[in-house]
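Dear colleague,

I am handing over the structure below, and after it I have set out what was found, with each term explained where it first comes up. Please keep the two side by side as you read.

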Amino acid sequence: VNVRTTSSSSTGAFALVAGCDMIGLGRNSKNVLASRQEKVSRRRSQAQTRFLRIERSKEGRVELQSAVARFFGTGKDGSQVQVDLVSLVHVAEGEYYRRIQEQCASCDRVLFEMITTRENVKADHDGRKTLKHRMFPTAQQIQTAGAYGLTSQLQSMDCFREGWYLADLEKEEVQKLQERAQEAVWGASAWGSCAQNITDALRLLVGGRSRGTVKDKLVRALLWITPCPEAGLLLLDWAWQGGRPAPILLPLASALLALDYPASQKLVFAQDLVSGQASGFTATDPETTLIGKRNEAAIAAVSQAIEDGCKRIAVLYGGLHMKDLSRRLEVELDFYQTGEEWNVVWGVDRRPATLPAAVGLAVACLALLGIDAFDWFNTLAIVVESWATSGPYAASLSVLPYLLRHAIVYLSLGRWLLEWDRELFQEERARPAVD
């Protein structure tokens with residue numbers, strides 16, 4: 001576990017001297033406002049943007065890790081209040097959930113996320129919500145976790161305990177807000193989630209990750225008619241936005257060469273979760289109900305806990321919520337981050353393969369280029385024949401399977417091969433103190 005903390009003070013006192021004139025007061029107010037805006041801007045420039053990461057341990061294991069981001073602010077009586085944003089992954093090793101519960105044991109209040117029906121929730125006269133009984137995972141959640149050799153959150157973490165409060169919206173309210181916002185309704189059907197994924201995919205296919213100009217989109221469009229279009233598109237994305245090779249590349253190649261299918265599954269799943277943090281995906285959009293409105297409820301629960309006199313508060317929410325939650329803590333509640341520590345969600349041991357991983361990657365790249373070249377020439381022959389026999393309309397339709405195949409390859413490689421929120425030579429740096 002890597003822990004980095006710094007200490008600083010964010011509180012200040014402003015003395016209003018009796019007899020000061022209105023002009024002086026106005027100037028002081030403007031200076032105070034400008035100072036506050038500068039401080040908030042500086043904090044945002046230093047803000048943590050990654051709450052899930054993949055690292056290699058000293059023992060050589062490849063680990064998915066989630067962050068515990070530590071914030072400090074001022075309570076209603078002027079005393080210091082600590083808020084820990086505890087990033088959660090909903091399937092993990094059992095030890096991960098035990099460790100988080102241990103970390104929360106010393107907190108005055110634990111606020112957790114859970115979308116459940118109103119019949120499972122009780123609220124007191126001030127609106128504080130708790131569970132009526134312990135919640136258990138569905139058969140599908142257990143099956144999904146078991147497919148990776150992991151356990152689901154509700155199997156290992158009991159949220160029905162003293163001091164633990166629900167800081168989320170009920171299922172009925174989430175669905176009502178989504179209908180009002182004309183979003184895909186959560187839990188209504190599998191099509192809603194599928195439609196969201198298709199929308200994200202189309203945005204990437206047309207505009208890329210940098211959301212470039214019309215000229216940039218035209219360049220991207222021309223690449224679709226070249227051999228191996230996914231290679232050119234990924235190179236453009238990297239040149240225009242930045243990024244670096246994903247840390248699972250060599251371990252994944254080793255696992256595949258060693259025929260270790262369970263390890264390769266966990267590595268790909270881990271990279272999928274980390275890639276979801278990149279901007280531009282609906283899953284992290286703070287304007288949506290599932291992120292924005294639920295985060296509003298979480299911040300309201302934090303404010304209530306501060307009003308109740310709690311000095312140490314833990315907020316347990318999914319990792320994709322944390323970027324917006326940290327922004328709200330800093331901007332709305334005037335808290336500042338001092339550091340973070342990391343919990344191991346799960347790890348994968350590297351097994352020796354018959355061939356070096358780098359050789360395996362090189363062979364895979366050459367095979368992809370060869371297959372793509374054959375696919376392009378074969379598609380070109382089909383288009384020419386269709387044009388000659390059935391006309392341009394049939395020729396245009398014959399291109400669609402080619403575009404669909406390579407769109408799938410482009411989207412898959414974009415999630416597994418590169419980290420889009422990191423620069424090529426970027427290293428972790430210590431967080432400076434904020435005054």
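Which residue in β10 stands opposite Phe 112? Leu 166 does, and I will come back to that pair after a word on the model itself. This is a predicted model, in which local features need pLDDT of at least 70 and side-chain atom pairs count only at pLDDT 80 or more, while totals for chains, interfaces and linings use all residues. Residues are numbered from 1 along each chain as its sequence is written, and side-chain values use heavy atoms, with hydrogens and water left out.

The chain as a whole comes to 14 helices and 14 strands, where helices (H or I, at least four residues) and strands (E, at least two) are DSSP runs numbered from the N terminus. Of its 435 residues, 44% are buried; buried means under 20% relative accessible area, exposed means over 50%, and partly exposed lies in between, with a 1.4 Å probe and protein chains only.

To return to the opening pair, strand β6 (residues 109-112) is covered on both faces, with Arg 109 and Leu 111 buried on one side and Val 110 and Phe 112 buried on the other. β6 pairs in the parallel sense with strand β10 (residues 164-166) over 3 bridges, and two strands are said to pair if DSSP finds at least two bridges between them. On another edge of the description, 4 bridges join β6 to strand β12 (residues 312-318), again running parallel, and there Leu 111 stands opposite Val 315. Leu 166 is itself buried, at a relative accessible area of 4%, and among the residues it touches are Phe 112, Val 121 and Lys 129, a contact being heavy atoms within 4.5 Å.

Strand β13 (residues 336-348) is largely enclosed by the rest of the structure, because 13 of its 13 residues are buried. It runs antiparallel to strand β3 (residues 62-74), to which 11 bridges join it, and Leu 64 stands opposite Trp 346 in this pairing.

Trp 346 also appears in the largest nonpolar core, which has 43 residues and in which Leu 316 and Trp 346 have the most contacts. A nonpolar core is a set of buried Ala, Val, Leu, Ile, Met, Phe, Trp, Tyr and Cys residues joined through side-chain atoms within 4.5 Å. Helix α10 (residues 261-275) gives the most to this core, with 6 residues, and apart from it lies another core of 24 residues, among them Ala 69 and Ile 306. In soluble globular proteins, nonpolar side chains tend to be buried together.

The structure also holds 24 salt bridges, each being a side-chain nitrogen of Lys or Arg within 4 Å of a carboxyl oxygen of Asp or Glu. In one of them the side chains of Asp 84 and Arg 70 meet (3.0 Å, N to O), linking strand β4 (residues 80-88) to strand β3; Asp 84 counts as buried at 4% relative accessibility, and Arg 70 likewise counts as buried at 14%. Another joins Lys 311 and Asp 77, whose closest N and O atoms are 3.2 Å apart and which lie 234 residues apart in the chain. Here Lys 311 is partly exposed, with a relative accessible area of 32%, whereas Asp 77 is exposed, at 56%.

Best wishes

Terms used
Lists of a residue's contacts leave out its neighbours within four places in sequence.
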